[in-house]
2 protein chains.
Amino acid sequence: MTPAVVQPATQVRLAARPRGQPKLEDFEIATAPVAIPGEGEILVETTYLSLDPALRPRMNEVSAYAGAVPLNATIPSPALGIVLESRSPLHRPGDHVFGMFGWQSHATVQGSEARRIDPERAALPRWLSLLGLSSFTAYVGLVELGRPRPGETVVVSAAAGATGAAVGQIAKILGARAVGIAGGAAKCSAVVDAYGFDACVDYKAADFLEQLDAACPDGVDVDFENVGGDILRAVYDRMNPDGRVIVCGLVSEYSRDDGFLPGPSLWPAVYKSLRIDGFRASRYFDRIPEFVDKALEWSQAGLFTHREHVTEGIEHAPQAFIDMLAGRHFGKAMVKI
Amino acid sequence: MTPAVVQPATQVRLAARPRGQPKLEDFEIATAPVAIPGEGEILVETTYLSLDPALRPRMNEVSAYAGAVPLNATIPSPALGIVLESRSPLHRPGDHVFGMFGWQSHATVQGSEARRIDPERAALPRWLSLLGLSSFTAYVGLVELGRPRPGETVVVSAAAGATGAAVGQIAKILGARAVGIAGGAAKCSAVVDAYGFDACVDYKAADFLEQLDAACPDGVDVDFENVGGDILRAVYDRMNPDGRVIVCGLVSEYSRDDGFLPGPSLWPAVYKSLRIDGFRASRYFDRIPEFVDKALEWSQAGLFTHREHVTEGIEHAPQAFIDMLAGRHFGKAMVKI
């Protein structure tokens with residue numbers, strides 16, 4: 001069988017470990033020969049890259065979260081692609097697949113590490129947004145750990161982000177009140193308008209805490225935490241007895257030179273019987289098919305939607321990632337190759 | 001029916017809110033007429049008072065934990081007593097009962113608030129130690145929240161205390177390794193000798209962290225936390241993925257003038273999928289009978305024992321409480337009236 005591709009792959013690599021917020025110079029665009037797939041492997045041409053905040057801590061020298069990215073290595077990332085060549089019984093050329101293909105135009109991976117997706121069930125970019133890992137994270141975090149009961153109040157930070165948007169909508173589907181936290185009045189309005197949250201509070205406003213109190217007159221039963229720092233503390237202070245804190249991410253702390261902040265005192269956890277769950281969706285990946293079915297059903301019923309923030313061109317992935325960490329996006333951030 | 005008692009009750013009251021560690025002047029010994037029981041009430045002569053660390057935060061002006069003790073009020077406390085007079089169908093004179101009778105020689109309470117105990121099943125003080133709320137707290141915290149699997153490592157701080165001693169023994173009964181933390185080499189040896197812990201580490205030793213590493217070669221799966229502060233952090237840093245942190249108390253932080261310490265960073269909770277449960281045993285009081293049966297069975301099998309640290313005379317309750325907070329006791333601290 002003749003290799004279908006001979007041109008070199010374009011890759012985005014980690015050129016330097018960022019200090020604080022990443023800068024363009026921390027990345028490097030490079031080309032490399034495409035690896036010919038060996039037995040069991042497939043060669044994929046990527047179509048869309050996912051941009052995820054959880055990549056940031058992995059850019060540090062030491063990362064306990066899924067391992068540090070080595071210097072000069074291609075940036076790891078979930079992505080979509082088309083199979084160009086297959087030496088795996090699991091995939092055929094032309095199949096659309098999802099996998100950890102990284103920020104590169106072509107990837108050679110084990111066939112077992114790619115999951116087939118069906119562009120007839122939902123358009124390609126939806127498999128990274130509505131049906132992607134961010135939404136899945138929201139789903140499994142709420143259903144398994146948050147378990148909101150009808151009428152309870154769920155607060156989610158980074159509500160305009162890919163995970164937050166899904167948390168609020170799934171909370172509503174489960175019968176709970178959904179309160180978002182986002183940066184800026186415009187973003188807050190958009191969260192309410194686009195995703196149907198009951199309220200969204202602007203953490204940049206001088207009266208943030210008063211806004212939060214007004215949005216949560218009965219306190220907070222579930223905190224789905226994506227941000228950390230002062231925002232986490234504000235919500236934590238308002239938890240009801242038996243409340244659940246789902247810690248999914250701490251994006252406000254990822255770029256601090258002096259490391260992560262201490263957590264809130266555990267004394268309120270004692271006297272309120274709070275449960276705090278640190279949480280990684282990878283633990284639950286066997287439930288992705290169940291999630292995809294539900295998400296499509298909810299979507300068809302008009303209950304679940306997702307905005308996409310698409311940047312075109314792999315060479316713009318670094319700037320798009322920097323913008324996402326700074327919150328200059330709305331919806332799921334991705335790059336179209 | 002003629003009242004059986006006419007002499008005044010002796011009471012220990014809260015005279016002042018302690019700053020830092022409580023002092024004798026913060027308490028006052030007083031007498032008061034015994035309240036004649038009304039319809040549904042019983043008059044109890046107390047026999048043993050329980051001394052519990054969780055009382056300390058309730059002595060502050062504001063306490064979210066079971067409410068602040070009002071100034072000049074009798075110190076609230078679990079205790080044992082004998083019914084002297086009953087206007088409740090639930091109890092007869094001569095019955096031995098357990099209830100929140102407080103630091104006083106006589107208490108008049110609702111019959112429904114007292115639980116009958118049987119001194120033939122176990123001698124009186126055992127109902128505050130082996131079968132008391134401290135042991136019950138250990139039981140329900142481990143069985144419901146910690147859920148150690150055979151071979152896992154359970155670490156408990158304040159291991160020489162009433163709850164800690166029970167945690168280690170129940171962990172062993174469940175097939176786990178039990179590692180205690182206590183203050184001083186002598187106390188540590190006693191924890192191993194009296195309660196059969198696999199190891200006990202001295203937090204006052206200069207090489208505390210090395211001792212802890214040596215005692216937990218496979219990391220920590222369950223932290224049953226009674227102490228907080230640096231001890232909590234040391235154990236938290238050693239938690240294994242999927243570890244469980246049961247926060248029962250934070251005794252090292254109760255007497256701090258500047259309040260409770262921040263908690264540990266929640267980032268390790270995210271990347272290790274840790275669960276942190278704040279916890280109050282009162283949530284599970286309906287399971288006390290189940291616990292008493294098991295504890296007696298384990299005790300008869302030689303698997304579960306408890307030391308008692310008994311001070312005689314209600315007038316010595318304040319000093320005994322002060323000594324207990326400072327760790328100058330071994331086993332369950334109580335006062336015999």
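This report walks through the domains of chain A and the contact between chains A and B in a predicted model.

## Two domains in chain A

Let's start inside a single chain. The domain assignment splits chain A into domain 1, made of 9–129 + 307–336, and domain 2, which covers 133–282. Taken over C-alpha atoms, the centres of domain 1 of chain A and domain 2 of chain A are 27 Å apart.

Where these domains meet, domain 1 of chain A contributes 15 residues and domain 2 of chain A contributes 14 residues. On the side of domain 1 of chain A that touches domain 2 of chain A, you will find six nonpolar, five polar and four charged residues.

## Where chain B touches chain A

Now for the contact between the chains: 26 residues come from chain B and 26 residues from chain A. On the chain B side, helix H7 (267–272) and strand E13 (275–278) of chain B each supply at least two residues. The biggest share of that side comes from H7(B), with five residues.

In terms of residue class, the side of chain B that touches chain A holds 16 nonpolar, five polar and five charged residues.

## Strands paired across the chains

Which way do strand E13 of chain A and E13(B) run relative to each other, parallel or antiparallel? They run antiparallel, and three bridges join E13(B) to strand E13 of chain A, residues 275–278.

For a spot to look at in your viewer, try A:Asp277: its bridge partner in E13(B) is B:Arg275. E13 of chain B, as noted above, is also among the elements that supply at least two residues to the side touching chain A.

Methods: Residues numbered from 1 in each chain as written. Chains lettered and ligands numbered in written order. Predicted model: local features only at pLDDT ≥ 70, side-chain atom pairs only at ≥ 80, totals over all residues. Domains from an automatic or database assignment. Contact = placed C-beta atoms within 7 Å. Nonpolar A, V, L, I, M, F, W, Y, C, P; charged D, E, K, R; others polar. Helix = DSSP H or I, 4+ residues; strand = E, 2+ residues; numbered from the N terminus. Pairing = 2+ DSSP bridges.
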